Amino acid sequence: MDNKIKILWADDEIDLLKPHILFLQQKGYEMITVNNGNSAVELAIKEKPDLVFLDENMPGMSGFETLSLIKANNNNVKVVMITKSEEEFIMDEAIGSKISDYLIKPVNPNQILLSIKKLIDKSRLITERTNQGYQQDFRNITMSLMDKMDFDKWKEVYDKLIFWELELDKGQDKSMSEILVSQKKEANHNFSKFIAENFLSFLQVTGDAGPVMSHNLLRRKVIPFTDEALPVYFILIDNLRQDQWKMIAPVIAEKFRIDSEDMYLSILPTTTQYCRNSIFSGLLPSEIEKRFPDKWSNDEDEGGKNNFEDYFLQDLLKRLRKDYKTSYTKVTTLDGGKNLVDNVSNFNQNKLNVIVYNFVDALSHARTDVSVVRELADDEAAYRSLTLSWFKHSPLWEAMQKIAEKPGRVIISTDHGSIRVKEPVKIVGDRNTNTNLRYKQGKNLTYSPKEVFEIKKPELAYLPKLHVSSGYVFCREDDFFAYPNNYNYYVNYYKNTFQHGGISLEEMMIPLITLQSK
């Protein structure tokens with residue numbers, strides 16, 4: 001070992017343990033031995049060991065007295081208590097985390113070695129096994145990316161990439177993480193091709209054929225549950241990516257049984273204005289504009305773009321001939337979250353309860369605009385960690401725990417994800433061109449067709465057409481649009497921020513989770 005792990009062993013019969021000490025020294029550990037509690041405390045302060053083996057029954061200062069003094073000086077040091085009998089109070093101490101482990105005398109060298117590896121080498125061993133696992137799966141993922149994949153295969157590949165991304169995050173060796181980033185970039189490149197080739201045809205599919213998409217999500221995956229006796233809760237956490245779902249899933253599993261984890265395909269553009277209105281209306285954007293001309297807002301229009309979600313939902317239920325009590329709650333502020341907690345117990349009498357929670361979208365935009373949040377969410381791992389921290393302390397989780405107290409069905413999903421953008425793509429448009437960094441809509445747009453996915457005829461994608469010459473262009477992978485006349489500003493300010501509106505696995509592959517109260 002380059003940096004030897006330092007172990008302090010305190011036992012009044014330490015001379016009898018010489019074979020154990022020699023065994024550990026041969027394994028590469030630095031051993032410090034003492035035969036009483038006072039010396040153990042002094043050397044624990046002076047030598048700062050990584051691990052302490054402590055005899056529970058020493059004359060003079062007992063093992064527990066020694067433990068208290070060692071912990072008072074270094075609460076983080078791992079201590080293994082060695083005792084002659086498996087008494088209940090020893091186990092209570094272990095559960096209370098004052099000691100990291102305990103062993104029953106007589107101990108053999110392999111017991112000692114196992115305890116060391118469990119407490120000290122655990123992180124390294126997990127990292128090695130994870131790296132080996134990803135190396136084995138790397139080839140399988142690469143072979144899949146070389147095939148012509150359908151949507152179900154894309155779900156499988158993306159799920160694998162997220163799994164390994166989260167597993168590699170836990171390790172200390174980041175060499176495999178760099179390879180994963182490269183493989184994920186290749187996957188996004190191929191996924192963009194897949195969308196370019198198939199997106200328009202997916203929109204033509206009727207009934208229950210083809211991928212579940214924004215405009216048929218409720219009809220296919222939520223409303224059928226309302227035929228059951230249990231109340232149904234559809235919780236839309238705005239801008240929740242698949243990796244963020246995986247972070248909060250263990251917390252949710254404490255109170256709910258996870259029946260299924262799936263994904264659906266978002267429509268384009270991957271923004272709240274288009275996706276969420278489509279979800280609740282059960283219609284595509286141009287269909288919404290035609291059916292509700294006074295309630296659809298185009299990019300050029302002033303004011304909010306999602307003010308009629310509840311109205312659209314009621315219209316969808318009426319078209320599907322579903323006549324039952326519903327509730328619709330949108331939370332955009334902390335006070336709104338507190339009100340949700342206060343009122344959620346009343347929702348159980350409704351057949352369908354919709355909760356839209358906007359925090360994650362606010363977080364992603366805040367990351368661009370607020371320097372403190374930007375520093376907290378400096379990379380993908382930090383962004384996921386911040387989401388988990390928020391969720392565990394949010395009114396949403398408090399409300400969900402109240403929901404879990406009674407039998408019910410819960411579906412968690414979102415309207416779109418976001419991607420950390422890195423590569424600028426030049427575009428020129430007039431002053432009426434929309435401001436989104438991942439898609440542009442307007443007339444007389446100038447760009448390189450090779451760098452974007454373009455829809456010259458919006459009607460083919462069921463998108464509103466503001467002008468005769470209007471078209472839509474979308475960034476692919478981790479690109480973002482930048483204007484040539486303000487190029488350096490855009491590149492410096494927006495690079496490495498989380499954006500949405502374009503084509504990527506992160507934005508379009510949407511988590512769709514079904515839960516039941518335990």
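## A tyrosine in a loop

Let's start with Y462, which sits in the loop between β15 (452-455) and β16 (471-475). Y462 is not a glycine, yet its phi is positive, near 55°. Keep in mind that what you are looking at is a predicted model.

Follow the chain past β16 and you come to another case. E477 lies in the loop between β16 and β17 (479-482). Here too the phi is positive, about 55°, in a residue that is not a glycine. Is E477 buried or exposed? With a relative accessible area of 14%, E477 is buried, because the cut-off for buried is under 20%.

## The chain as a whole

Now zoom out. The chain has 518 residues, and 53% of them are buried. Its secondary structure comes to 20 helices and 19 strands. If you lay the C-alpha trace along its principal axes, it spans about 90 × 55 × 40 Å.

How much do distant parts of the sequence touch each other? Take the contacts in the chain with a separation of 6 or more: 74% of them are between residues 24 or more positions apart.

## Surface and charge

The accessible surface of the chain is about 24,200 Å². Carbon and sulfur atoms account for 48% of that surface.

What about charged side chains? The chain carries 67 positive and 74 negative ones. Take the centre of each set, and those two centres turn out to be 4 Å apart.

## Two cysteines, no bond

How many disulfides does the structure hold? The count is zero. C275 is a good example: it is in no disulfide, and the nearest cysteine sulfur, in C475, is 16 Å away.

Why is C475 not bonded to C275? A disulfide is a covalent bond between the sulfur atoms of two cysteines. To count as one here, the two sulfurs have to be within 2.5 Å. The sulfur of C475 has its closest cysteine sulfur in C275, but that one is 16 Å off, so the distance is too far for a bond.

Both of these cysteines are tucked away from the surface. C275 is buried, with a relative accessible area of 0%. C475 also counts as buried, at 0% relative accessibility.

## A buried serine and its company

C275 turns up again when you look at S214. This serine is in the loop between α8 (175-204) and α9 (217-222). Being in a loop doesn't put S214 on the outside: its relative accessibility is 0%, so it counts as buried.

Which residues does S214 touch, leaving aside its neighbours within four places in sequence? The list is Y264, L265, S266, I267, C275, S278 and I279. With I267 there is a polar link to look for: a polar atom of the S214 side chain lies 3.1 Å from the backbone nitrogen of I267.

## Two cis peptide bonds

Just along the chain from I267 you can find a cis peptide bond, the one joining L268 and P269. Its omega is about -10°. P269 is in the loop between β7 (256-265) and α11 (272-281).

Another cis peptide bond joins K105 and P106, with an omega of about -5°. Where is P106? Look in the loop between β5 (101-104) and α5 (109-119).

Terms used:
Residues numbered from 1 in each chain as written. Predicted model: local features only at pLDDT ≥ 70, side-chain atom pairs only at ≥ 80, totals over all residues. Heavy atoms only, no water. Helix = DSSP H or I, 4+ residues; strand = E, 2+ residues; numbered from the N terminus. Buried < 20%, exposed > 50% of the residue type's maximum accessible area, 1.4 Å probe, protein only. Contact = heavy atoms within 4.5 Å. Areas by Shrake-Rupley, 256 points an atom, 1.4 Å probe, with all protein chains shown as cover. Lys, Arg positive; Asp, Glu negative; His and termini not counted. Charge placed at Lys NZ, Arg CZ, Asp CG, Glu CD. Polar contact = N/O pair within 3.5 Å; in protein donor to acceptor, adjacent residues only side chain to side chain.
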